[in-house]
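Here is a short note for a colleague who has not seen this structure before. The points go from the whole chain to helix and core.

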Amino acid sequence: MTEPVYVPIKFPLVGTTQGTGYYPAVDVFRLVCDLNKQYTGVGMQFYIYESFHYIANTTYYDHDYSDGEDMMDDNNVDDVVNVYIVDS
């Protein structure tokens with residue numbers, strides 16, 4: 001059996017400037033568990049890279065394309081999958 005490929009995922013969790021709206025951390029753990037179940041057959045294992053990065057920025061929380069691009073330019077971590085959970 002081949003060793004699994006480990007894939008780090010960084011989760012910047014985005015909320016409003018007032019500090020509301022963040023996606024619950026417990027639900028992120030569930031998402032990663034579900035993702036790992038779906039990819040078991042192909043030998044991939046996903047894990048949460050470092051800790052959650054909380055971003056309090058209403059513009060990023062409910063953004064258009066340009067603001068979303070700015071958000072990623074400001075916060076992406078190299079060499080990992082960056083998954084932003086925002087309102088829209």
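**Notes on the model**

1. The chain has an accessible surface of about 5800 Å² (Shrake-Rupley method, 1.4 Å probe), and 52% of this belongs to carbon and sulfur atoms. This is a predicted model, in which local features need pLDDT of at least 70, side-chain atom pairs count only at pLDDT 80 or more, and totals for chains, interfaces and linings use all residues. Residues are numbered from 1 along each chain as its sequence is written, and side-chain values use heavy atoms, with hydrogens and water left out.

2. The chain holds three helices and five strands (DSSP runs: H or I of at least four residues, E of at least two, numbered from the N terminus). Along the sequence their pattern is β-β-α-β-β-α-α-β.

3. Of the 88 residues, 28% are buried (under 20% relative accessible area, 1.4 Å probe, protein chains only).

4. In helix 1, the buried residues are Val 28, Val 32 and Asn 36. They fall within an arc of 80 degrees seen down the helix axis (directions from the axis to the C-beta atoms), so they line one face of the helix. The face turned away from that buried side carries Lys 37 and Gln 38, both exposed (over 50% relative accessible area).

5. The largest nonpolar core (buried Ala, Val, Leu, Ile, Met, Phe, Trp, Tyr and Cys residues joined through side-chain atoms within 4.5 Å) has 10 residues, including Val 28, Val 32, Phe 46 and Ile 85. Strand 1 (5-10), helix 1 and strand 3 each supply at least two residues of this core.
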